[in-house]
Amino acid sequence: GPEYLQAVAARAAFDINAMEEKFAMTDAVRLFTEREELVVDLLMDQARLPGVGNIIKCEGLFAAGIHPLSRCCELSEAQWVRLL
């Protein structure tokens with residue numbers, strides 16, 4: 001129904017498959033740096049980062065040099081930008 005379509009539209013700005021200029025990097029970094037949860041858990045949450053699968057998660061964390069068991073709030077803005 002309409003609620004589903006609204007939810008999909010709201011998540012579109014955080015879809016990692018979106019074109020770079022459409023990804024809401026500033027909003028994502030601001031929201032994610034406030035979280036206490038593990039980075040690995042946030043990355044796999046399709047409600048917040050649609051499109052991330054296990055391979056993308058692993059490759060992204062490795063390329064950014066971020067340990068998967070780090071807490072979201074422990075990452076700097078620069079680390080989030082590298083990861084996302």
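**A63 and helix 4**

I started with A63, which at 67% relative accessibility counts as exposed (exposed is over 50% relative accessible area, buried under 20%, partly exposed in between, with a 1.4 Å probe and protein chains only). This is a predicted model, so I noted the ground rules: local features need pLDDT of at least 70, side-chain atom pairs count only at pLDDT 80 or more, while totals for chains, interfaces and linings use all residues. Numbering runs from 1 along each chain as its sequence is written, and side-chain values use heavy atoms, with hydrogens and water left out.

A63 sits in helix 4, residues 54-64 (helices are DSSP runs of H or I with at least four residues, strands are runs of E with at least two, and both are numbered from the N terminus). I checked A63 against L83: the two are 20 residues apart in sequence and 7.6 Å apart in space, C-alpha to C-alpha.

Next I asked which residues of helix 4 are buried. They are K57, G60, L61 and A64. Looking down the axis of helix 4, I see its buried residues fall within an arc of 95°, so they line one face of the helix (the arc is that of the directions from the helix axis to the C-beta atoms). I55, E59, F62 and A63 are exposed on the other side of helix 4. For the cover over the buried residues, I noted that it includes helix 3 and helix 5. One backbone detail went in the margin: G65, just after helix 4, has a positive phi of about 70°.

**K57**

K57, also in helix 4, got an entry of its own. I found K57 buried yet without a salt bridge (a salt bridge is a side-chain nitrogen of Lys or Arg within 4 Å of a carboxyl oxygen of Asp or Glu). The nearest side chain of opposite charge is D41, 7.8 Å away; for charge, Lys and Arg count as positive and Asp and Glu as negative, with His and the chain ends not counted. What does K57 touch, not counting residues up to four places away in sequence? I listed V40, L43, M44 and V52 (contact means heavy atoms within 4.5 Å).

**The nonpolar core**

I then pulled up the largest nonpolar core, which has 16 residues (such a core is a set of buried Ala, Val, Leu, Ile, Met, Phe, Trp, Tyr and Cys residues joined through side-chain atoms within 4.5 Å). V39, L43, L49, W80 and L83 touch the most other members. Two or more residues of this core come from each of helix 2 (25-32), helix 3 (39-43), helix 4 and helix 5 (77-83). I jotted down the background: in soluble globular proteins, nonpolar side chains tend to be buried together.

L49 lies in the loop between helix 3 and helix 4. I looked up its exposure, and at 0% relative accessibility L49 counts as buried. From L49 to L84 I have 35 residues in sequence and 9.6 Å in space, C-alpha to C-alpha.

**E37 and the salt-bridge network**

Where does E37 lie? I placed E37 in the loop between helix 2 and helix 3. E37 is buried, with a relative accessible area of 19%. Its side chain meets that of R35 in a salt bridge (3.0 Å, N to O), and I marked R35 as partly exposed at 40%. E37 and R48 also meet through their side chains in a salt bridge, at 2.7 Å, N to O. E37 is in the loop between helix 2 and helix 3 and R48 in the loop between helix 3 and helix 4, so the pair ties together parts that are eleven residues apart in sequence.

R48 is partly exposed, with a relative accessible area of 22%. R48 forms another salt bridge with D45, the closest N and O atoms being 2.8 Å apart; D45 is partly exposed at 23%. I drew it up as a network of salt bridges linking R35, E37, D45 and R48. The count for the model comes to four salt bridges.

Leaving aside neighbours within four places in sequence, I have E37 in contact with L42, R48, S70, R71 and C72.

**Whole chain**

Last, I took the totals. The chain has five helices and zero strands, in the pattern α-α-α-α-α along the sequence. Of its 84 residues, 29% count as buried. Among contacts with a separation of 6 or more, 58% come from residues 24 or more positions apart.
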